[in-house]
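Got your viewer open and a hand on the mouse? Let's take a walk through this protein, one selection at a time.

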Amino acid sequence: DNFLLVEQGHLREAEFRTLLASATYPARSPDVNVADIKAQIAANEKGVQELQRAVREQGLDTVRAYMRHVMDNAEDSVRRVLAKLQDGEFHAAIDEGTPLHVAVRVDRANRRAVIDFTGTGPQRPSNFNAPAAVCRAVVLYCFRALVGEEIPLNDGCLKPLEIIVPAGTFLSPLPGAAVVAGNTEVSQMTCNALLAALDACASAQATMNNVIFGDDTYQSYETVCGGVGAGPGFNGWGPVQTHMTNTRMTDPEVLELRYPVRLEEFSIRHGSGGAGQWRGGDGARRRIRFLRAMQAIVVASRRNVAPHGMQGGAAGLPGRQWVERADGRIEPIPGNSGSADLLIGDALVVETPGGGGWGHAADSGWGNAANSGGGQPA
């Protein structure tokens with residue numbers, strides 16, 4: 001529920017800490033939560049200060065006018081895109097089989113569109129649910145990308161769009177649903193489904209491959225890059241961070257300096273991109289050797305359902321992860337939210353998905369190389 005964080009310029013830290021401690025499942029690291037909240041408050045305060053400075057220097061009427069200009073330009077940019085689009089829809093599924101459906105209905109005469117997620121499955125008992133704001137952000141991102149021009153990301157992009165997200169689905173769960181994977185995994189799957197409905201490109205890796213490891217002293221959280229989907233007239237590329245990820249990898253030197261681990265491999269997963277007239281980008285392989293006993297968790301998608309190709313292109317290879325024990329044993333880790341206890345000398349290996357291909361491979365002479373490199377780790 002809503003909670004008043006700041007009152008008359010003062011952070012209600014004691015009350016906030018009581019709230020964190022009194023929940024059914026209390027916060028595990030209240031100091032971290034408080035630090036995060038303080039950073040968010042500071043960021044908003046900085047925004048206030050800069051906006052006030054702009055008003056002082058330029059005047060309120062000028063600032064308001066340029067705010068309108070920015071939003072009007074974004075709106076018109078999206079309307080120009082809509083004038084070129086056709087109706088479309090796409091059916092997908094999350095790894096556990098729950099359907100994800102999106103339909104785009106375009107009114108080209110009025111340059112408007114309806115983005116309808118009716119038909120998407122119910123909210124999940126797991127944490128693979130996304131607040132409706134995440135779905136809205138996905139729509140904003142996709143249409144901003146289709147504009148193809150350097151415009152500021154702003155709400156004007158959404159003015160010509162009506163978004164329908166039925167309540168109680170995993171794209172708009174009811175209060176009480178767990179949503180930690182919403183901004184990472186569900187956002188990626190929704191983004192790639194919408195781009196497919198718009199006939200824009202094949203699926204990228206459609207996951208963020210969240211890798212978390214740590215103990216009472218160390219905690220590390222990274223997202224691992226993968227393949228980008230191909231499209232009409234272009235190959236995919238990779239491994240890179242895709243679509244909704246918006247994070248960067250930690251430098252190997254920094255990772256090894258701050259944590260008792262060794263990064264033994266960070267390489268291209270050759271052949272993981274889907275074949276096609278235009279080929280999907282490859283995923284990555286990341287091997288981390290542990291010099292101290294820790295727990296590792298992998299929150300990921302596209303382990304059971306491969307990233308889709310388009311227009312006859314092949315799907316990219318799905319991702320996978322496993323533990324290589326110091327004694328040589330191999331122990332697979334399941335997808336979605338798998339975990340493993342790592343002992344000294346054990347290695348965690350993550351292979352990320354490749355992007356889907358576009359068009360039939362025979363049209364370009366590419367072989368079906370996307371099927372190479374498959375199988376289980378030996």
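Before we start clicking, one bit of vocabulary: a residue is called buried when its relative accessible area is under 20%, exposed when it is over 50%, and partly exposed in between. Also keep in mind that what you see is a predicted model.

**Stop 1: the whole thing**

Zoom out and show the cartoon. You should be able to pick out six helices and 15 strands. Along its principal axes, the C-alpha trace spans about 70 × 60 × 40 Å. A compact globule of 378 residues would have a radius of gyration near 21 Å, and the 23 Å of this protein agrees with that.

Now switch on the surface. The protein exposes about 18900 Å², and carbon and sulfur atoms supply 52% of that area. Of the 378 residues, 46% are buried. And if you take the contacts with a separation of 6 or more, 70% of them are between residues 24 or more positions apart.

**Stop 2: the largest pocket**

Select Arg28, Asn33, Val180, Ile212 and Tyr221, then centre the view on them. Among the 37 residues lining the largest pocket, these five lie nearest its centre. The space in there comes to about 1700 Å³.

Which parts of the fold build the walls? Colour helix H1 (13–22), helix H2 (30–58) and helix H5 (182–197), then strands S7 (210–214), S8 (219–223) and S11 (294–300): each of them supplies at least two lining residues. H2 gives the largest share, with five residues. If you colour the lining by residue type, you get 18 nonpolar, 15 polar and four charged.

**Stop 3: the second largest pocket**

Next, select Asp1, Asn2, Phe3, Leu19, Leu20, Ala23, Tyr25 and Ala27, which line the second largest pocket. About 380 Å³ of space lies in this one. Its lining divides into six nonpolar residues, one polar and one charged.

**Stop 4: a hole inside**

Rolling a probe the size of a water molecule over the atoms shows where empty space is left. How many cavities of 30 Å³ or more does the structure hold? Just one, and the space in the largest cavity is about 30 Å³. To find the spot, select Ile94, Asp95, Glu96, Phe128, Met189, Ser301 and Asn336, which line that cavity. Three of these lining residues are nonpolar, two polar and two charged.

**Stop 5: helix H5 and what follows**

Go back to H5 and hide the rest for a moment. Is this helix mostly covered or mostly open? Mostly covered: 15 of its 16 residues are buried. Then step just past its end to aspartate 199, where phi is positive, at about 55°. Most residues other than glycine have a negative phi, and most peptide bonds are trans. Keep that in mind for the next two stops.

**Stop 6: the loop between S8 and H6**

Follow the chain from S8 towards helix H6 (252–258), and look for proline 239 in the loop between them. The peptide bond joining glycine 238 and proline 239 is cis, with an omega of about 5°. Histidine 243 sits in the loop between S8 and H6 too. Its phi is positive, about 50°, although histidine 243 is not a glycine. Histidine 243 counts as partly exposed because its relative accessibility is 23%.

**Stop 7: the loop between S11 and S12**

Now travel from S11 to strand S12 (320–324) and select glutamine 311 in the loop between them. Here is another positive phi in a residue other than glycine, near 55°. With a relative accessible area of 45%, glutamine 311 is partly exposed.

Histidine 308 is found in the loop between S11 and S12 as well. At 16% relative accessibility, histidine 308 counts as buried. What does histidine 308 touch, leaving aside its neighbours within four places in sequence? Show Phe90, Asn192, Ala196, Ala202, Ser203, Ala315 and Gly356, and you have its contacts.

**Last stop: a distance to try**

Finish at glycine 271, in the loop between strand S9 (261–269) and strand S10 (283–290). Glycine 271 is buried, with a relative accessible area of 11%. Draw a line from its C-alpha atom to that of valine 254: the two residues are 17 apart along the chain, and their C-alpha atoms are separated by 30 Å.

Key. Residues are numbered from 1 along each chain as its sequence is written. This is a predicted model: local features need pLDDT of at least 70, side-chain atom pairs count only at pLDDT 80 or more; totals for chains, interfaces and linings use all residues. Side-chain values use heavy atoms; hydrogens and water are left out. On a 1 Å grid over the protein atoms alone, a cavity is a set of points where a 1.4 Å probe fits but cannot get out, and a pocket is an open set with protein on both sides within 12 Å along at least five of seven lines; lining residues have an atom within 4 Å of a point. Grid points are joined across faces, edges and corners, and a volume is the space filled by probe spheres set on the points. Ala, Val, Leu, Ile, Met, Phe, Trp, Tyr, Cys and Pro count as nonpolar, Asp, Glu, Lys and Arg as charged, and the others, Gly among them, as polar. Helices (H or I, at least four residues) and strands (E, at least two) are DSSP runs, numbered from the N terminus. The radius of gyration is taken over C-alpha atoms; the globule rule is 2.2 Å times the number of residues to the power 0.38. Buried means under 20% relative accessible area, exposed over 50%, partly exposed in between (1.4 Å probe, protein chains only). Contact means heavy atoms within 4.5 Å. Accessible areas come from the Shrake-Rupley method with a 1.4 Å probe; for residues, only the protein chains shown count as cover.
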